[in-house]
Amino acid sequence: MKHFVCRSCNTQYPANDLRWKCDCGGLLDLICPTAFSPGTMANRPKTLWRYREALPIDSSDSLVSFDEGYTPLSAIEIDKKPLLVKQEHLFPTGSYKDRGATLLISQARALGVDRVVEDSSGNAGAAIAAYAARAGMACDIYVPESTSPAKLAQIQLYGATLHRIPGSREDTAQAVQQAAQKHFYASHVWNPYFFHGTKTFAYEIWEQLGYRAPDALLIPTGNGTLLIGAYIGFCDLKQHGLIDKLPRLVAVQAQRCCPIAFQWDSTFHAEQGDTMAEGIAITKPARAEHMLEAIRNSQGSVITVSDEETIVALKQMAKMGFYIEPTSATAIAAHKKYAGQKGETIVAPLTGHGLKSTEKLFKIANPTL
């Protein structure tokens, strides 16, 4: 039976509880049975809901969906090094966060929720706002005051109430937790249903590679939403005997904001100043230990990249026709540093669309203006 379990004290709760944390304040994991039938999946529409039996939603009647998922896995070369890019920027709201939003808002609908609150640096807020609109739910999104205008406009046009919070990303998280005392907290960090949406990233890669795992994944990492989801997904596949070993999970961080890198190896030295990779600019990620566990258990590592390296990678991708936001380009920059073996299959997600960061990209394209 599916249930929540606290990562701190091991207390268990029913999985259909409205709670988002343990009574002790600890983070919750969601434990749920999974089932896979490649033959059945092959005859289904190419959306992430093709893995329905592996997802923790009791009734299909509650599904909130735009037929999202099964994004292209495309082969490219960066500096003559082969790479497969998973085009997550092609989701309905322009980022992979739709994976978690479709599952979490579907669960909220099943629980009879009529209002949700969420905090975000932009992409998760846009995804929750879109799926809440699709479900007919009221929605409040809390964002840092510095969030890109393109993301703010997107959230507002979905009909969500926008709350711009002065200060850091952590100040925004503290502000929303006051609202979460009264309303359902559709958090992409605290609510584990979100990770069971992002784990479909792993399932799709496995299927697209002919039912095998890649050797390594290079994942832009702030709050760890995709890194942890990928870990859960590949662990599911390994548990069912569908892969022999986990791919190496490589967390990619900006040199100006790299708390996971520092915890992984205290010799890492962060640069001073803000980073253009706002999607991973998280100084105190709540699930840091969960991320480190995923990296260790997969024999992975952490790579940091500078903003200058990110800009070079972003321009290279644009010249190949991929219009991505700076956060996405960090994985491409990391690929240049990754010391893999010849012939390895390496995958990097393009996590967000370039239209999310119009002002920043205009400045990169026109540095003299």
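1. Tyr131 is buried in this predicted model, and its relative accessible area is given as 0%. Because the cut-off for calling a residue buried is under 20% relative accessible area, a value of 0% places Tyr131 in that class. Its partner behaves otherwise: Phe66 has a relative accessible area of 32% and is therefore described as partly exposed.

2. Phe66 and Tyr131 form an edge-to-face aromatic pair, with 4.8 Å from centre to centre and 80 degrees between the planes. The pair links distant parts of the chain, since Phe66 sits in the loop between α1 and β4 (73-78) while Tyr131 belongs to helix α3 (residues 123-135), and the two are 65 residues apart.

3. The structure holds eight aromatic pairs, and another of them, also worth tracing on screen, joins Phe36 to Trp206. This pair is edge-to-face, with 6.0 Å between the centres and 75 degrees between the planes. Phe36 lies in the loop between β3 (28-31) and α1 (38-41), whereas Trp206 lies in helix α7 (residues 200-208), so the pair ties together parts that are 170 residues apart in sequence. Both Phe36 and Trp206 are buried.

4. Phe36 and Trp206 also belong to one aromatic cluster, which they form together with Tyr51, Tyr203 and Tyr211. A ring elsewhere in the chain has a charged neighbour: Arg19 lies over the face of Tyr13, at 3.7 Å from the ring centre.

5. Turning to the strands, six of them form an open sheet with mixed pairing, and their order is β4-β5-β13-β10-β11-β12. Which strands lie at the edges of this sheet? They are β4 and β12 (301-305), each of which pairs on one side only. Neighbouring strands of the sheet are turned by 30 degrees against each other on average, if direction is ignored.

6. Strands of a sheet pair through backbone hydrogen bonds, and the pairing may be either parallel or antiparallel. For β4 and strand β5 (residues 81-86) the arrangement is antiparallel, and six bridges join the two. One bridge can be followed residue by residue, as Ile78 has Lys81 in β5 for its partner.

7. Two helices should be viewed together with these strands. Helix α7, which carries Trp206, lies across β4, β5, β10 (216-220) and β13 (346-349), and it runs at about 125 degrees to β5. Helix α11 (residues 307-319) lies across β4, β5 and β12, and its direction is at about 90 degrees to β12.

Definitions and conventions:
Residues are numbered from 1 along each chain as its sequence is written. This is a predicted model: local features need pLDDT of at least 70, side-chain atom pairs count only at pLDDT 80 or more; totals for chains, interfaces and linings use all residues. Side-chain values use heavy atoms; hydrogens and water are left out. Rings of Phe, Tyr and Trp (its six-membered ring) pair if their centres lie within 6.5 Å; planes under 30 degrees apart count as stacked, over 60 as edge-to-face and the rest as tilted. Helices (H or I, at least four residues) and strands (E, at least two) are DSSP runs, numbered from the N terminus. Buried means under 20% relative accessible area, exposed over 50%, partly exposed in between (1.4 Å probe, protein chains only). A charge sits over a ring if NZ of Lys or CZ of Arg is within 6 Å of the ring centre and within 35 degrees of the ring normal. Two strands pair if DSSP finds at least two bridges between them. Axes are lines fitted to C-alpha atoms, for helices over the stretch in contact, and angles run from 0 to 180 degrees between N-to-C directions. Contact means heavy atoms within 4.5 Å.
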